Amino acid sequence: MKSKKIIIGFLITCVILGPVSAVDWPMFHGNPEHTGFLEEPSDFAPHPWTTKIGPVNASLAIFNKIAYIGSLDGEIYAINLEDGIILWDYKTGASIVSSPAVKNNTLFVGSKDGHVYAIDIETGELKWKFKTGNSIESSPAVSNDTVYIGSDDCRVYAIDMETGSKKWDLYLGDSIKSSPLLVNDTLYVAATNGRLYAIGTEKGTEIWNYTTGDAIYSTPAFYNGTIYVASNDGYLYAFNATDGTMEWKYNLGNKVYSSPTIDERDNSLFIGADNGNFTCLDTRDGRLKWSYQAGGPIKSTAALFDDYVTFGSDDGTLYVLNKYSGKEEWKYSPGYYLFNSPIRSSPVVYGKTIYFASENGYLYSLDNEKREGPTPIFAYYTIGIFIIIIGVIICIRILSR
């Protein structure tokens, strides 16, 4: 009996002292609630930095202290989260707006060259690629041994994760920009014909569909038996996940490219719209909790962590708000106004550090505890311009005497 207790104690000690296993990032923004927050503790102190990659619309995936992101230059980058050093990059045949998924030490991503790529995250080498009939802007969702992704050829595909061979595909009537959401054995995916589809994962059989009033670019989110998705008709919809009946909808006042982010602890849903309004709704009935007006359209999907919610805007600013009140806590504009570029990439959070990319071609690391970010190169450009302007004014005054 005594020896049994010793063995049990030893095993518990090994578990406690052993390294924490990395958490997969199997779909857009990490999980069905789109929180964009890695569910494991950070083991390094926040450190602001910036890294030059290429112009970015896609969002990050994080795995084992490494960020993975695709760029409009067609490259996939692997970047160390602690210091911003690029570990490897892989060139696809066209721009990438698809956000990567990571599972079983493999990165999966789509490219506008029409291929789905499977890349070894240790070496950056290609494992396989799968050709669809058109450009891919949808992001993959991975579960068990299957990769699910939509294409502009109007089809959603199920691809074997190990071999890259097709299991099935289903024609949805229009291009698919939205990313699939996988919940148990059902895939939820939207198309630009304005329809949201529920599809059985075993054979690709349609279970139900619902038609909204305009194209859907937003990726569906799931919480407590309900599917949430926004449409370019300006509404945020809540559907029963089982039969597709609409539970409620809320008018956001403009087109919506952003996807819902859900706080399951507080029954809150966060989403931005093209009118620059960032809205918090009650997941149960669509009641407005609060709203915040940003300085430009919001196409970025928010990340949720601690008491905060963070998102980017086309005004070139990354906002951090109190998730309960909507009060602005702080914000960061890497372009210093004169060189602002849209932030359509969705931020992600690891520990106390916020990571996001911009169309200006840089990836940023922000320290949320100190509420500070790196001094980007655009600050020096701005200073240089002011010096030139002052010099010109002085010259004009001297010459006018």
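**Notebook: a walk through the strands**

I began with one pair of residues: Thr50 stands opposite Tyr364, which belongs to S32. A reminder to myself before going on: this is a predicted model.

**Entry 1: the strands beside S32**

I wanted to see where that pair belongs. Strand S1 covers residues 49–52, and it pairs with S32 in the antiparallel sense over four bridges. I then looked for another neighbour of S32 and found strand S31, residues 353–357. S31 and S32 also run antiparallel, and five bridges join them. One of the matches I noted is Tyr355, whose bridge partner in S32 is Ser365.

How many residues lie between S31 and S32 in their hairpin? I counted along the chain and found four residues between the two strands. In that turn I picked out Gly361, which has a positive phi of about 95°.

**Entry 2: is S32 covered?**

Next I checked how much of S32 is hidden. The strand runs over residues 362–367, and six of its six residues are buried. I sorted the side chains by direction: Tyr362, Tyr364 and Leu366 point one way, while Leu363, Ser365 and Asp367 point the other way. Both groups are buried, a nice thing to check by turning the model around.

**Entry 3: Asn360, just before S32**

I stepped back into the loop between S31 and S32, where Asn360 sits. Is Asn360 buried or exposed? Its relative accessibility is 11%, so Asn360 counts as buried, the cut-off being under 20%. I also found a polar atom of the Asn360 side chain 3.0 Å from the backbone nitrogen of Tyr362.

**Entry 4: a similar look at Asn80**

I looked at another asparagine, Asn80, in strand S4 (residues 75–80). The side chain of Asn80 reaches the backbone nitrogen of Glu82 at 2.7 Å. Leaving aside neighbours within four places in sequence, I listed Trp49, Lys65, Ile85 and Leu87 as the contacts of Asn80. Lys65 caught my eye, as Lys65 and Asn80 are 15 residues apart along the chain and their C-alpha atoms are separated by 6.4 Å.

**Entry 5: Ser300 in a loop**

I found Ser300 in the loop between strand S25 (288–293) and strand S26 (303–305). With a relative accessible area of 1%, Ser300 is buried. What does the side chain of Ser300 reach at 3.2 Å? I traced the line to the backbone nitrogen of Gly312. Not counting residues up to four places away in sequence, Ser300 touches several others, including Ser258, Phe311, Ile343, Arg344 and Pro347.

**Entry 6: positive phi, and the cysteines**

A rule I keep in mind is that most residues other than glycine have a negative phi. I went looking for exceptions. His29 has a phi near 60°, a positive value. I placed His29 in the loop between helix H1 (2–17) and S1, and at 1% relative accessibility His29 counts as buried.

Cys154 is another exception, with a positive phi of about 80°. Cys154 lies in the loop between strand S11 (146–150) and S12, and Cys154 is buried, at 15% relative accessible area. I looked at Cys280 too, which is buried at 0%. How many disulfides did I find? The count comes to zero.

**Entry 7: the S12 and S13 hairpin**

Following the chain on from Cys154, I came to strand S12 (residues 155–160), which pairs with strand S13 (residues 166–171) in the antiparallel sense over five bridges. Here Tyr157 stands opposite Asp169 in S13. S12 and S13 form a hairpin with five residues between them, and Gly164 in the turn has a positive phi of about 80°.

**Entry 8: a sheet of four strands**

I sketched an open sheet in the order S6-S7-S8-S9, with antiparallel pairing. Strand S6 (101–103) and strand S9 (126–131) each have a single partner strand, so one side of each is left without a neighbour in the sheet. On average, neighbouring strands here are turned by 20° against each other, direction ignored. In the middle of my sketch, strand S7 (residues 106–110) and strand S8 (residues 115–120) pair over five bridges, and Val109 stands opposite Tyr117 in S8.

**Entry 9: how far to trust it**

Last, I checked the confidence. The chain has a mean pLDDT of 91, and 89% of its residues reach 70 or more. Over residues 1–21, however, the pLDDT is below 50, and this stretch has two contacts beyond near neighbours in sequence. Where pLDDT is low, predicted coordinates should not be read in detail.

Conventions:
Residues numbered from 1 in each chain as written. Heavy atoms only, no water. Buried < 20%, exposed > 50% of the residue type's maximum accessible area, 1.4 Å probe, protein only. Pairing = 2+ DSSP bridges. Polar contact = N/O pair within 3.5 Å; in protein donor to acceptor, adjacent residues only side chain to side chain. Contact = heavy atoms within 4.5 Å. Disulfide = S-S within 2.5 Å. Axes fitted to C-alpha atoms, helices over the stretch in contact; angles between N-to-C directions. pLDDT = per-residue confidence, 0-100.
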